[in-house]
Amino acid sequence: MSDASPPPGAEPPAAPRSCTQLFLVFTGLALQGFGGVLAVAQRELCERRRWLSAAEFLEMLAFAQVLPGPNVCNLSLAVGQRWFGLRGALAALAGMLALPLLLVLAATAWVIDQAGAAWLQDALRGMGIVAAGLIVGACLKLARPLRESPLGTLGVAGLGGATLIAIALLKLPLGAVLAGLGLPACLWAHRRLRAGRKP
Amino acid sequence: MSPDLDLPLLAALFGQALLLSLLAIGGAITVAPDLHRVMVAQQAWLDDAQFGHAIAIAQAAPGPNLLFIPVLGYQVAGLPGALAMLVGILIPSTTLALAALRLGQTHARHPALRAFKAGMAPITLGLMLATGFVLAPWGSAPGLLLAGAVALLVWRTRVHLLLLIAAGALLGVLGWV
């Protein structure tokens with residue numbers, strides 16, 4: 001599946017060797033994903049493995065967020081499919097889910113036993129706080145390629161900020177936010193890209 | 001949990017997850033209110049505490065948060081219940097995503113797709129930031145300090161993420177955050 005020759009310099013130097021490796025890497029990153037997998041996925045896929053550039057990661061994430069279904073699963077499908085088609089997509093998804101499922105079911109059985117243990121509640125709270133920091137840190141890293149966005153720095157900041165406010169503060173439903181902000185953003189980007197192509 | 005498979009119950013769990021799959025826009029957690037309505041309020045398969053446990057465990061345990069859905073199934077009907085709900089929530093959305101990926105691959109240079117990528121990038125980041133914002137411990141100054149320090153460390157250093165998670169658990173147990 002070696003389609004479309006990549007733009008020189010923009011392509012990260014590495015690629016997964018096999019579906020087995022995809023499965024193992026996704027298992028590994030899922031198992032590090034306490035309180036959410038996105039921050040770990042960014043670290044592992046963009047920085048440690050260098051399979052994806054920050055811009056490619058963002059594109060796949062956008063795809064995963066727009067389509068219905070669990071984001072992280074859609075992201076796994078997109079990443080896996082890039083190199084090995086359907087087999088790769090399913091290998092990545094299976095890696096993301098198989099071992100974590102067994103772990104979480106074992107944890108359920110255990111927590112039911114320990115219900116009400118104060119130290120457990122305290123530890124879970126501390127981990128939740130760190131998870132919030134992890135995701136903000138990953139955002140700061142992913143923001144880099146946006147400096148070359150056809151929307152300009154101000155447009156990017158405005159759209160990102162508006163999305164943050166709409167979801168976190170106004171608690172608007174995601175569908176409304178995607179329609180109200182995402183659609184105009186795409187139309188605007190379309191105009192800018194078309195204008196940019198003309199001399 | 002009886003040793004015999006309760007097929008009507010499993011089918012009901014499967015169907016419930018199947019129905020919600022395409023509604024899980026923006027993360028599996030967005031279908032939690034609806035699952036609560038059906039599984040706790042309507043069918044009384046679970047009580048409030050069990051429902052809350054499923055979400056807390058899936059958030060704390062490693063792996064995607066969508067795993068709270070099989071945990072709900074597990075609490076109702078054991079391992080078969082867990083698998084019924086996991087497969088149900090995955091089939092419709094996975095099918096759709098694979099179809100969309102194929103389409104995207106054959107039209108990678110299409111202007112509409114490039115506009116989609118450029119337009120959605122800031123929205124995507126905004127959504128991710130919003131998740132951090134919602135999880136942030138706004139009521140606790142030490143908590144905010146910790147979250148801020150973690151964000152800086154992730155941004156500027158290559159410190160291992162598991163180390164940060166472990167530090168968070170320790171600080172929680174010590175009562176500092």
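Student: In this predicted model, what is the relative accessibility of Glu59(A), and how does Glu59(A) count?
Tutor: Partly exposed covers the range between 20% and 50%. Glu59(A) falls in that range, so the residue counts as partly exposed, and its relative accessibility is 31%.

Student: Which residue forms a salt bridge with Glu59(A)?
Tutor: The closest N and O atoms of the pair are 3.6 Å apart. That lies within the 4 Å cut-off. The pair crosses between chains, from helix H3 of chain A to helix H5 of chain B. The partner is Lys117(B).

Student: Is Lys117(B) buried, exposed or partly exposed?
Tutor: Its relative accessible area is 26%. Buried would need under 20%, and exposed over 50%. Lys117(B) is therefore partly exposed.

Student: Where do Glu47(A) and Arg158(B) lie?
Tutor: Their side chains meet in a salt bridge, 3.9 Å from N to O. Glu47(A) is in helix H2 of chain A, so its pairing with Arg158(B) joins two chains. Arg158(B) sits in chain B, in the loop between helix H6 and helix H7.

Student: Which of the two, Glu47(A) or Arg158(B), is exposed?
Tutor: Glu47(A) has a relative accessible area of 14%, so this residue is buried. The other residue has 56%, over the 50% cut-off. The exposed one is Arg158(B).

Student: How far apart in helix H2 of chain A are Arg48(A) and Glu44(A)?
Tutor: Their side chains meet in a salt bridge at 3.4 Å, N to O. Arg48(A) is exposed at 51%, whereas Glu44(A) is buried at 4%. Both lie in that helix, about one turn apart: four residues.

Notes: Residues are numbered from 1 along each chain as its sequence is written. Chains are lettered from A and ligands numbered from 1 in the order in which they are written. This is a predicted model: local features need pLDDT of at least 70, side-chain atom pairs count only at pLDDT 80 or more; totals for chains, interfaces and linings use all residues. Side-chain values use heavy atoms; hydrogens and water are left out. Buried means under 20% relative accessible area, exposed over 50%, partly exposed in between (1.4 Å probe, protein chains only).
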